[in-house]
Amino acid sequence: MPSCAPRAASAWLLYHAGKENLKGLTMNTRIGRVLTFVFIFATSIGAVAQESADFKQGYADGFKDGFDEGYRKAKAEQGADNAAASKGFPIALTSATYGPDSGSSCDAHRFVAPKVNGRRSASIGVTNQMCGDPSPGNRKSLKITYLCGSLAKTTSAYEHRTAYLSCD
């Protein structure tokens, strides 16, 4: 039960207990009692609203702290597993596409595969020579997905840059 409940209950009792006694009172006294009731009731509502805001903030802070801790743990575990799972395996290309972020792109698999498959690390210069210029005048990138054992990895690089792949 919220801490403001006793105040609300006392306001209710004050009103109902004094209701019978209002008959012989002057108008100013009646108004004073009503205003007292309204003040106590409004204070109770304000306390509920404050407790609700404090609760929501506390809940959000707790959720964020728990989420951050879980995320850090998962990243640490994933880093240890990934390092062990990908070491020493040869690269096995699964896909390679070249083009702008949106629009037409080309399949660069035939160009990239002979240069990377079977190696533990490789680098590919990204140029229009891979499969022509799929989008003249636009910024393009090479997006590569490959396997190191059972671990899937991705890399990308923009035109006139170098894409690096590694299973070491």
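## A walk along the bonds and bridges

Start by selecting Cys148 and Cys167: their link is left-handed, with -80° about the S-S bond. You are looking at a disulfide, and its two sulfur atoms sit 1.8 Å apart. Keep in mind as you go that this is a predicted model.

Now color the strands and find the two ends of that link. Cys148 belongs to strand β4, while Cys167 is in the segment after β6, so the disulfide connects distant parts of the chain, 19 residues apart. Turn on a surface and check both cysteines: Cys148 and Cys167 are buried. If the word is new to you, a disulfide is a covalent bond between the sulfur atoms of two cysteines.

**Next stop: the other disulfide**

How many disulfides does the count come to? It comes to two. For the other one, select Cys106 and Cys131, which are joined with an S to S distance of 1.6 Å. This pair also links distant parts of the chain: Cys106 is in strand β2, Cys131 is in the loop between β3 and β4, and they are 25 residues apart.

Is Cys106 buried or exposed? It is buried, with a relative accessible area of 15%. Its partner Cys131 counts as partly exposed, at 28% relative accessibility. Before you move on, number the bonded cysteines in sequence order and you get the pairing 1-2, 3-4.

**On to the charged pairs**

Side chains of opposite charge can pair when their charged atoms come close. Searching the whole structure turns up three salt bridges, so let's visit them.

Select Lys140 and show its side chain. Which residue does Lys140 meet at an N to O distance of 3.1 Å? That's Asp133, and the two side chains form a salt bridge. Lys140 is buried, with just 2% relative accessible area, whereas Asp133 is partly exposed at 34%.

Keep Lys140 on screen and add Glu159. These two form another salt bridge, with their closest N and O atoms 3.6 Å apart. Glu159 is in the loop between β5 (151–158) and β6 (162–166), and Lys140 is in the loop between β3 (121–125) and β4, so the pair ties together parts that are 19 residues apart in sequence. Both Glu159 and Lys140 are buried. Show Asp133, Lys140 and Glu159 together and you have one network, joined by salt bridges that share partners.

**A bridge with an exposed end**

Now pick Asp101 and Lys143. Here the closest N and O atoms of the salt bridge are 3.3 Å apart. Why does this pair tie together separate parts of the chain? Asp101 is in the loop between β1 (91–99) and β2 (106–107), and Lys143 is in strand β4 (residues 141–148), so the parts being tied are 42 residues apart in sequence.

Switch the surface back on for this pair. Asp101 counts as exposed, at 63% relative accessibility, and Lys143 counts as partly exposed, at 36%.

**Last stop: His160**

Finish by selecting His160, which you'll find in the loop between β5 and β6. Is His160 buried or exposed? At 65% relative accessibility, it counts as exposed. Now add Gly125 and draw a distance between the two C-alpha atoms: your viewer should show 6.8 Å, although His160 and Gly125 are 35 residues apart along the chain.

Technical notes:
Residues are numbered from 1 along each chain as its sequence is written. This is a predicted model: local features need pLDDT of at least 70, side-chain atom pairs count only at pLDDT 80 or more; totals for chains, interfaces and linings use all residues. Side-chain values use heavy atoms; hydrogens and water are left out. A salt bridge is a side-chain nitrogen of Lys or Arg within 4 Å of a carboxyl oxygen of Asp or Glu. Helices (H or I, at least four residues) and strands (E, at least two) are DSSP runs, numbered from the N terminus. Buried means under 20% relative accessible area, exposed over 50%, partly exposed in between (1.4 Å probe, protein chains only). A disulfide is a pair of cysteine sulfur atoms within 2.5 Å.
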